[in-house]
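Me: I'm new to this one and would like to go through it piece by piece. Could you take my questions as they come?

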Amino acid sequence: MNLYFEEDGAFKAGTILSQAGTAYQVELVTGRRSKVKAANAFFEFASPSAAELTNRIPEAAAELDPAFLWEAAPDTEFGYADLAAEYWGEGAGPVERAALLTVLHGNPVYFYRKGRGVYKRAPADILKKALEAVERRRQQEEQRRAWAAEMTEGRLPEAIGRMAMTLLVSPDKNGIEWKALSDAASATRQTPLKLLLALGAIASPYAWHVDSFYAENFPKGAGFPADLPAPEMGAASELPKAEVEAFSIDDSETTEIDDAVSVTHLEDGRTRIGIHIAAPAYGIRRDDAMDRVARARMSTVYAPGIKTTMLPDAWVAAFSLDEGREVPALSLYVTVSPEHEILETETKLERLAVAKNIRYDKLEHPITEEAIEAGTLEAPFAEALTWLWHFARTLQKGREEVRGRPEPVGRIDWSFALEGEGEAAKVSLKGRRRGEPLDLIVSELMILANSTWGAWLEEEKTAGIYRSQRIGRVRMSTTPAPHEGLGVSRYAWSTSPLRRYVDLINQRQLLGVVTGEGAAYAGNDADLFTIVSQFENLYGIYGDFQSRMERYWSLRWIEQEGLRHIEASVIKPELVRLEHLPFVHRVPGLPEDLERGRRVTLDVLGMDYLELALETRLAGVSDEVDQAELMDEDDAEDAEGAEGAENAPEGTAADVAAEASAAEPAPAN
């Protein structure tokens with residue numbers, strides 16, 4: 001005797017070896033023996049054999065139409081045996097009953113299971129909707145297979161091409177488009193990205209790096225809302241006028257002029273320095289329309305040939321310290337003795353008219369230490385620049401004493417000048433040596449302003465966002481703490497409010513103290529903590545994007561120049577910095593006994609613009625040592641994480657010199 005039963009959710013047949021009470025001992029067609037409870041048994045049968053029954057069920061089930069069975073089934077719950085008797089009458093043998101069970105069980109759209117062998121047909125309206133859904137799924141599966149076949153054969157389906165970037169950046173992995181792409185990628189043994197590149201859906205590696213960044217971080221586009229209000233200057237015309245002759249120091253491409261400086265010589269040999277910062281917080285109030293836009297962006301985005309500002313052009317133009325017009329400015333006045341000792345500081349909100357925007361890359365004569373010391377400097381505000389350089393050296397020396405080591409100087413920070421648009425641009429390199437006079441002047445003044453205002457916020461018991469560094473770890477928080485890398489007791493970014501949201505927040509807090517209106521944020525304001533987290537996240541993403549694009553243009557320059565060999569300096573085992581490029585590169589197998597700074601020659605074997613990887617091998621080791629590399633210990637630690645991680649974005653002379661010394665990135669102008 002044989003038994004047809006259910007085990008582990010599957011229908012099976014076997015030969016009954018014995019029966020004891022409510023349990024059977026059954027030998028399956030596979031030879032395995034199993035104990036089956038009577039409650040799980042459907043029926044016993046003498047013939048055909050269990051193996052023959054199992055073989056005949058699929059063919060018999062294929063002859064049964066579930067739609068017809070649904071028509072024949074009663075509206076109430078029914079047993080499979082009852083429907084079998086209704087359908088076949090006395091001809092309902094073991095094969096027919098087993099086939100019917102298979103069809104009932106395998107078509108949950110038509111029949112709901114209500115118990116072992118008991119079913120109920122689905123209501124007509126629900127069945128109609130379910131069948132429509134089944135048909136849609138069938139059509140989708142056909143479409144999925146068709147798209148996958150097209151891509152496997154090297155053709156791009158229009159629908160896949162339209163949403164190529166979305167499929168790579170934020171795919172719906174339950175959608176047939178992603179499934180088709182995934183199927184084709186597996187069939188061709190490629191990643192989805194490489195397959196779409198090969199099919200032309202992604203125009204090029206350059207397009208991928210740029211477009212994917214903007215698709216992910218600016219999903220609604222990089223433009224600003226059309227309904228943003230015009231810049232509001234409030235009662236700026238009523239602010240007291242700064243009676244100083246101020247000038248700014250930037251390159252010719254800078255549009256967001258955040259800072260300017262003035263030098264006024266007083267009686268008794270004292271000097272008053274003015275550090276003047278653009279004051280967009282005067283017109284952008286907490287949670288207003290412009291503030292919400294700035295907060296969503298958190299920073300201006302910079303990369304070679306690319307700039308997406310935090311504020312719209314109209315707002316930048318309204319508050320930027322452009323020469324020849326008056327704008328609100330938050331000024332820090334520092335009174336200094338003849339020996340360069342700081343005697344007092346004062347912060348004012350005032351109207352400032354910048355006398356001159358010095359564009360250092362357009363000066364006829366370079367500003368050098370030799371020219372300053374010889375008294376032969378030929379530049380606008382030459383006397384002021386000379387005095388500021390001596391003062392900056394005093395500030396730097398004081399910070400170095402706190403740091404316990406000198407600032408790294410001599411290293412050249414490289415950036416790119418692009419002629420043309422997009423990936424077709426011709427690449428040239430620009431170098432700026434760290435510690436040069438203008439770098440030193442602006443960096444030391446900005447460090448002075450940020451550290452003074454950070455300490456002042458704490459003194460006034462006003463919340464602020466601080467940037468601190470301890471044991472090499474840089475962090476941002478609302479808790480005042482020392483910045484060991486810079487050698488200052490407090491450091492709060494406040495000097496770039498046109499391009500960094502943290503600076504805008506700190507300026508808003510400073511204005512609350514200066515005007516007596518009170519701070520916009522309390523120390524326990526949850527919004528302030530959220531801003532810190534959001535800023536660190538987005539600022540890191542923007543910095544990574546800039547580093548990736550610098551690596552891309554480094555590779556392009558190597559190819560453009562046809563280099564087959566390239567010089568580099570060792571940073572640490574297997575890690576080198578390429579000469580004349582902002583590019584850190586890993587060289588597997590580089591001798592571990594090579595000390596830091598040792599110069600090496602690499603053979604260029606190939607490059608991958610998608611992975612931003614350079615393939616090289618060691619060609620030779622020089623006896624020369626790069627002394628600038630030896631001095632820059634913080635930068636080497638920053639490069640530890642990944643190739644290119646140390647490449648600080650190009651910025652004002654202030655930001656590059658100041659932040660590079662502390663291994664912190666700073667945006668470019």
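Me: Is Ser 451 buried or exposed?
Reply: Ser 451 counts as buried because its relative accessibility is 14%, where buried means under 20% relative accessible area, exposed over 50% and partly exposed in between, with a 1.4 Å probe and protein chains only. This is a predicted model, in which local features need pLDDT of at least 70 and side-chain atom pairs count only at pLDDT 80 or more, while totals for chains, interfaces and linings use all residues. Residues are numbered from 1 along each chain as its sequence is written, and side-chain values use heavy atoms, with hydrogens and water left out.

Me: Where is Ser 451, and what is it in contact with?
Reply: Ser 451 is placed in helix H15, residues 437–459, where helices (H or I, at least four residues) and strands (E, at least two) are DSSP runs numbered from the N terminus. Leaving aside neighbours within four places in sequence, Ser 451 is in contact (heavy atoms within 4.5 Å) with Val 488, Arg 490 and Tyr 491.

Me: Switching to aromatics, how many pairs are there?
Reply: The structure holds 28 aromatic pairs, counted when ring centres of Phe, Tyr and Trp (its six-membered ring) lie within 6.5 Å, with planes under 30 degrees apart called stacked, over 60 edge-to-face and the rest tilted. One of them is the tilted pair of Tyr 4 and Phe 11, at 6.2 Å centre to centre and 55° between the planes. Tyr 4 and Phe 11 are both buried, and they form one aromatic cluster with Phe 42, Phe 43, Phe 45 and Tyr 80.

Me: And how do Phe 213 and Phe 545 pair?
Reply: Phe 213 and Phe 545 are stacked, with 3.9 Å centre to centre and 5° between the planes. Phe 213 belongs to helix H10 (residues 205–217) and Phe 545 to helix H17 (residues 526–560), so the pair ties together parts that are 332 residues apart in sequence. Both Phe 213 and Phe 545 are buried.

Me: What about the sheet, which order do S6, S7 and S8 have?
Reply: The order is S6-S8-S7 in an open sheet of three strands with antiparallel pairing, where two strands pair if DSSP finds at least two bridges between them. S6 (78–79) and S7 (111–115) stand at the edges with a single partner strand each, so one side of each is left without a neighbour in the sheet.

Me: How many bridges join S6 to S8?
Reply: Two bridges join S6 to S8 (residues 118–121), and these strands run antiparallel. Gly 79 stands opposite Val 118 in S8.
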